[in-house]
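Here are a few notes for you to read alongside the model. Have the viewer open as you go through them.

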Amino acid sequence: MAEGSGERRLTNWQLVAYGQLVVPLAVIGLPVAVYIPPFYSSTLGLDLAAVGFILMLARFSDVITDPLIGRLSDRTRTRFGRRRPWVVAGVPVMMVSALMLFVPPEEVSNLYLLIWIAAIYLGYTLITIPYGAWGAEISGDYRERNRITGSREIFLLIGLLIAISAPIAGAYWTDAPAGQGAASRSAVGILGWLTFALLPLCAFIAFASVPEPAIYQANTIPFRRGLRIAMKNGPFRIVLLSSIFGALAGSINIGVVIFFFEHVAEIGQAGTVLIFVLFVSGVIGSPFWVWLGGRMGKHKAIAVAGLASMFVFALVPVVIYAVKPAAPEWVLPCLVLINIVQGLALGAAPILGPSIMADVVDLDTLKSGEPRAAFLFAFTGMVRKIFEAMGVGIALPILAFAGFNAQSHDNSPEALFVLLAMYCIVPLILWLVSIAIILRYPITQARQKRLRTALERRIARRSEMRRMMAD
């Protein structure tokens, strides 16, 4: 826990400077899930099932790197801070791997994809784990943490808008081959160059403007004991289990979204309009969830947002099987309306989830005696990534087994139904389970304030003991 961070309130510029670092991470993060499957299968000619397996395999490397980097970050002590050195290390890794992954040579192999997708995941871990812990430690105030994560989420959505818009612009300016569109070489390549240019600039702005709080010195605990303490932390278990179902649902959904737009909804490149609408609505709705999370409790606000989003998302099969046969011209407007509502609710979990984790870190610090925000963020991220990998690794092979062909527009009704199920029905069930779990989260604003008071007293006692020993 940061010394003196209990009531710290960031200036508006500091909120901007901290949050904007996520822009280049979003520019490259979403395309890895959305564009890499069609780019490496449809455009570059690799087998679709093999691409899904490679994405899953590369994700499993995070089982080692996430907790390792989190633990090392927690124990790093430099004049530059303990979070920022790791971000600095991750910047060149992501810059190089982004170019290699999104601006590949003419001929690529499965091994080439595996190497560079694993490299970009490594760079992502080096940056995001310390970055998330940094945000959790800046302030100990229940509501201020919502502002910090809210700023990050707004910039994340701006980065996602860039990630969606840039390939469309690239396809338009370069006259991409028919059938490839936003998954063409020219369209996808612009994402690699954007990441290469933006990442060092955004990192510099964050480092120059946002302080990294000093952390009180504490005895470190062995890894296994620390893991046992974390798993006995009831609120942490609830967050972890809810994250598992949410990650699996999101991965299955986003891994097939481009295929769904092209082959089931049959709206072609207009599908990117839906993603654009989703993220614009997310930016608009984000401040509301910052406010509501402070008013009614973070976990309850997440549940409200999730239920509203799932209610309208359940209408997708109705649009496909009722509206589309009768009035196909209404498919896109109906999906736009669904995405507007989903978008307005989109920011709740990404804003309030990390803010909840910061509160869980307080409880863990009280129990373990060691401030280890990065480890808990890393462990949660590792578990999420495993199930994200499973989602892609499950969805794409199931589509291939069902006979779906991404390069054909003559797929069977059964294959198209499986695609609809992977896009909507299966994720819907998993998301609803995730919401039911998070409703059991017990740390309210009053309880979090008691946790902070206990921690501040512990810091004061240890500071006094250090002064007495020095004298």
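1. First, a term: helices here are DSSP runs of H or I with at least four residues, numbered from the N terminus. Keep in mind, too, that this is a predicted model.

2. Let's begin with helix 10, which spans residues 223–231. Arg224 sits in this helix, and so does Ala230.

3. Is Arg224 buried or exposed? The cut-off for exposed is over 50% relative accessible area. Arg224 comes out at 68%, so it counts as exposed.

4. Arg224 also belongs to a positive surface patch, and its partners there are Arg225, Arg228 and Lys232. Worth colouring those four by charge in your viewer.

5. Ala230 is another story: its relative accessible area is 1%. Buried means under 20%, which is why Ala230 is classed as buried.

6. What does Ala230 touch, once neighbours within four places in sequence are set aside? Its contacts are Phe236, Asp364, Arg372 and Leu376. As for Ile254, it lies 24 residues from Ala230 along the chain, and their C-alpha atoms are 30 Å apart.

7. Moving on to helix 12 (residues 257–264): how many of its eight residues are buried? The count is six, so the helix is mostly covered, given that buried means under 20% relative accessible area. The buried ones are Val257, Phe259, Phe260, Phe261, His263 and Val264.

8. One backbone detail to check: Glu266, which follows helix 12, has a positive phi, near 55°.

How values were computed:
Residues are numbered from 1 along each chain as its sequence is written. This is a predicted model: local features need pLDDT of at least 70, side-chain atom pairs count only at pLDDT 80 or more; totals for chains, interfaces and linings use all residues. Side-chain values use heavy atoms; hydrogens and water are left out. Patches are made of residues with over 30% relative accessible area and no salt bridge: like charges are joined within 9 Å, nonpolar side chains (Val, Leu, Ile, Met, Phe, Trp, Tyr) within 5 Å. Accessible areas come from the Shrake-Rupley method with a 1.4 Å probe; for residues, only the protein chains shown count as cover. A salt bridge is a side-chain nitrogen of Lys or Arg within 4 Å of a carboxyl oxygen of Asp or Glu. Lys and Arg count as positive and Asp and Glu as negative; His and the chain ends are not counted. The place of a charge is taken as NZ of Lys, CZ of Arg, CG of Asp or CD of Glu. Helices (H or I, at least four residues) and strands (E, at least two) are DSSP runs, numbered from the N terminus. Buried means under 20% relative accessible area, exposed over 50%, partly exposed in between (1.4 Å probe, protein chains only). Contact means heavy atoms within 4.5 Å.
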